[in-house]
Amino acid sequence: MTRFLWWLIGIPVGIILVTLAVANRKSVTVSLDPFQPDAPALSFALPLFLLFFSVLMTGVLLGGCAVWLNQGRHRKAERRWREEADRLRWERERTIERDRETRRASLAALPAPSDRRAA
C-alpha cells in the first residue's frame with residue numbers, strides 16, 4: 001500500500017517540482033532589509049527555484065518541529081503508562097511466585113498419606 005501511494009503521489013509531485021525548477025531558472029534578488037528597499041544592505045541573488053525549495057524545506061522542518069513539540073505530552077503519557085505496565089507485570093509475577101510458595105508450604109505441612117492397602 002505504501003509503495004502504491006508513493007507511485008500515486010510522489011512521482012507526479014516530483015515531476016511537477018522538476019518542471020518548476022526548469023521553468024524558473026532566472027536569478028531573483030532576495031532582500032532582507034525592509035527599511036531601505038532601494039539599496040538593501042542584506043540582499044542576495046539566487047535562482048527562483050532554489051528560493052521555492054528552500055522555503056518549502058524550511059516549512060517542512062518548522063512543521064515537523066511544531067508537531068514533535070506538540071506531541072511531547074503524548075510521549076510523556078506513553079512513557080508513564082509503559083512504566084506502570086512494567087510495574088504491574090512485575091507485581092503480578094511476584095504474586096504468582098508467592099502463591100506457588102504458599103501452596104508448596106501448605107502441601108508440605110499436610111500429614112503424609114497413610115500407606116493402606118486394600119486387603
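Before I call any side chain in this predicted model partly exposed, I fix the term: buried means under 20% relative accessible area, exposed means over 50%, and partly exposed is what falls in between. R89 has a relative accessibility of 41%, so I enter R89 as partly exposed.

**Entry: D86 and R89**

I looked up the partner of R89 and found a salt bridge with D86, in which the closest N and O atoms are 2.8 Å apart. Both residues sit in helix α3, which covers residues 72-109, and because they are three residues apart there, about one helical turn separates them. For D86 I noted a relative accessibility of 41%, and therefore D86 also goes down as partly exposed.

**Entry: the other pairs I checked in α3**

How many salt bridges does the structure hold? I find four, and besides the pair above I followed up two that lie in α3.

The side chains of R87 and E91 meet in a salt bridge, with 2.9 Å from N to O. These two residues are four places apart in helix α3, again about one turn of the helix. I recorded R87 as partly exposed because its relative accessible area is 40%, and E91 as partly exposed because its relative accessibility is 30%.

R100 forms a salt bridge with E97, and here I read 3.6 Å between the closest N and O atoms. R100 and E97 are three residues apart in helix α3, about one turn of the helix. R100 has 42% relative accessibility and so counts as partly exposed, while E97, with a relative accessible area of 31%, is partly exposed as well.

**Entry: D33, a charged residue without a salt bridge**

I then turned to D33, which I located in the loop between β1 (27-31) and β2 (43-47). Which side chain of opposite charge is nearest to D33, and how far away is it? It is K26, at 26 Å, and D33, although buried, has no salt bridge. Side chains of opposite charge can pair when their charged atoms come close. A salt bridge needs a side-chain nitrogen of Lys or Arg within 4 Å of a carboxyl oxygen of Asp or Glu, and I keep that cut-off beside the 26 Å noted for D33 and K26.

What I do find around D33 is a polar atom of its side chain lying 3.2 Å from the backbone nitrogen of A41. Leaving aside residues up to four places away in sequence, D33 touches P40, A41 and L42, so A41 appears in both of my notes on D33. **Entry: helix α1**

Helix α1 runs over residues 2-23, and I took its span from first C-alpha to last as 31 Å for 22 residues, close to the 32 Å expected at 1.5 Å a residue. Where in α1 does the kink lie? I place it at G10, shortly before the proline P12, with a bend of about 30 degrees.

I11 also belongs to helix α1, and I list I11 as partly exposed because its relative accessibility is 32%. I looked up the separation of I11 from S43, which is 32 residues away along the chain, and the distance between their C-alpha atoms is 35 Å.

**Entry: M57 in α2**

My last residue was M57, which lies in helix α2 (residues 48-70). Its relative accessible area is 47%, and M57 is therefore partly exposed. From M57 to R79, 22 residues apart along the chain, I noted a C-alpha separation of 31 Å.

Definitions and conventions: Residues are numbered from 1 along each chain as its sequence is written. This is a predicted model: local features need pLDDT of at least 70, side-chain atom pairs count only at pLDDT 80 or more; totals for chains, interfaces and linings use all residues. Side-chain values use heavy atoms; hydrogens and water are left out. The expected span of a helix is 1.5 Å times one less than its number of residues. The bend at a residue is the angle between axes fitted to the seven residues ending there and the seven starting there. Buried means under 20% relative accessible area, exposed over 50%, partly exposed in between (1.4 Å probe, protein chains only). Lys and Arg count as positive and Asp and Glu as negative; His and the chain ends are not counted. A polar contact is a pair of N or O atoms within 3.5 Å; within protein, one must be able to donate a hydrogen and the other to accept it, and residues adjacent in sequence count only if both atoms are side-chain atoms. Contact means heavy atoms within 4.5 Å.
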